[in-house]
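Subject: A structure to look at, with notes

Dear colleague,

I am handing over the structure below, and I would ask you to keep it open beside this message while you read. My notes on what was found in it follow directly after.

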Amino acid sequence: MANEEEPKHHVFGLKDLSHKTLLQSDALYQYILETSVYPREHECLKELREMTEEHPWNVMATPPDEGQLLTMLIKLINAKNTLEIGVYTGYSLLSTALALPPDGKILAFDVNRVYYELGLPIIEKAGVAHKIDFKEGPALPFLDELLKDENKKGTFDFVFVDADKENYLNYHKRVIDLVKVGGLIGYDNTLWAGSVAASHDALLMDYIKLLRGYVMELNIYLAQDSRIEICQLPVGDGITLCRRII
């Protein structure tokens with residue numbers, strides 16, 4: 001961050017990620033949370049969110065308004081079999097698990113089991129841990145293994161991707177064959193702190209600048225992919241929903 005002696009330029013990725021939303025008004029975002037999100041937030045989701053807020057890497061957490069959106073989507077499409085790439089402490093995972101029916105299942109991948117296990121006691125407390133099949137390690141080899149089994153193709157109702165941005169396009173090229181026709185894929189962070197619309201000479205945090213090109217590459221690809229219908233929403237850090245149509 002800039003120190004007191006540096007000029008106070010607007011830096012993409014500082015203010016824009018301070019509350020995990022692209023809304024320009026903190027007060028308006030707080031209104032949404034207090035009016036529509038927090039009153040409906042499951043007590044275990046609240047506990048997990050508050051625990052995660054104390055973690056050094058809390059910027060990776062799914063914001064509660066996005067978790068609420070995932071819950072609604074899961075129920076609207078009557079999802080039973082879902083896939084999640086990128087778990088962290090599990091807010092989106094728990095949101096999905098709570099929304100699924102008793103026999104619903106989530107296959108979840110993350111490179112770090114330690115973070116997942118921070119949230120696991122709360123997930124167990126919520127009574128939905130039995131719905132989750134967690135796999136530690138890079139997701140691409142797991143996805144390639146799934147694709148070798150013809151019986152796995154087109155079997156997932158919903159896929160949520162919130163992982164390493166440099167592999168987003170690689171994930172899409174695989175999960176498009178794993179989600180069923182009529183199923184949904186959600187890609188998180190597709191507005192990337194607003195930097196996707198920033199000028200080439202804009203001041204950007206290093207990691208925002210490093211990964212912006214990958215996010216923009218995905219956005220362009222999704223817009224041209226005739227196998228899907230898309231809707232990009234300014235919820236959280238941007239989420240793009242893709243409905244497979246062929």
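Before we come to the largest pocket, one definition is needed: Ala, Val, Leu, Ile, Met, Phe, Trp, Tyr, Cys and Pro count as nonpolar, Asp, Glu, Lys and Arg count as charged, and the others, Gly among them, count as polar. Please also keep in mind throughout that this is a predicted model.

With those classes in hand, the lining of the largest pocket divides into 22 nonpolar, nine polar and six charged residues. The space in this pocket comes to about 720 Å³. It is lined by 37 residues, of which Met60, Asp162, Ala163, Asp164 and Lys165 are the closest to its centre. If you would like to trace the lining along the chain, the elements that give two or more residues to it are α4 (91-99), β2 (105-110), α6 (139-148) and α8 (206-224).

The next element to find is helix α7, which covers residues 168-178 and has eight of its eleven residues buried, so it is largely enclosed by the rest of the structure. The buried residues of α7 are Tyr168, Leu169, Tyr171, His172, Arg174, Val175, Ile176 and Leu178.

How do α7 and α8 lie relative to each other, roughly parallel or roughly antiparallel? Their axes come within 9 Å and cross at roughly 30 degrees. Because angles under 35 degrees count as roughly parallel, α7 is roughly parallel to α8. Where the two helices meet, α7 brings Tyr168, Leu169, His172 and Lys173, while α8 brings Glu217, Leu218, Tyr221 and Leu222. Sorted by class, this contact has five nonpolar, one polar and two charged residues.

Finally, there are two loop residues whose backbone angles deserve a careful look. Tyrosine 88, in the loop between β1 (81-85) and α4, has a phi near 55 degrees, which is a positive value in a residue other than glycine. Asparagine 189, which is found in the loop between β5 (179-188) and α8, likewise is not a glycine and yet has a positive phi of about 65 degrees. Are these two residues buried or exposed? Since buried means under 20% relative accessible area, tyrosine 88 is buried with its value of 6%, and asparagine 189 counts as buried at 5%.

With best wishes

Key. Residues are numbered from 1 along each chain as its sequence is written. This is a predicted model: local features need pLDDT of at least 70, side-chain atom pairs count only at pLDDT 80 or more; totals for chains, interfaces and linings use all residues. Side-chain values use heavy atoms; hydrogens and water are left out. On a 1 Å grid over the protein atoms alone, a cavity is a set of points where a 1.4 Å probe fits but cannot get out, and a pocket is an open set with protein on both sides within 12 Å along at least five of seven lines; lining residues have an atom within 4 Å of a point. Grid points are joined across faces, edges and corners, and a volume is the space filled by probe spheres set on the points. Helices (H or I, at least four residues) and strands (E, at least two) are DSSP runs, numbered from the N terminus. Buried means under 20% relative accessible area, exposed over 50%, partly exposed in between (1.4 Å probe, protein chains only). Axes are lines fitted to C-alpha atoms, for helices over the stretch in contact, and angles run from 0 to 180 degrees between N-to-C directions. Angles under 35 degrees count as roughly parallel, over 145 as roughly antiparallel, 65 to 115 as roughly perpendicular and the rest as oblique. Contact means heavy atoms within 4.5 Å.
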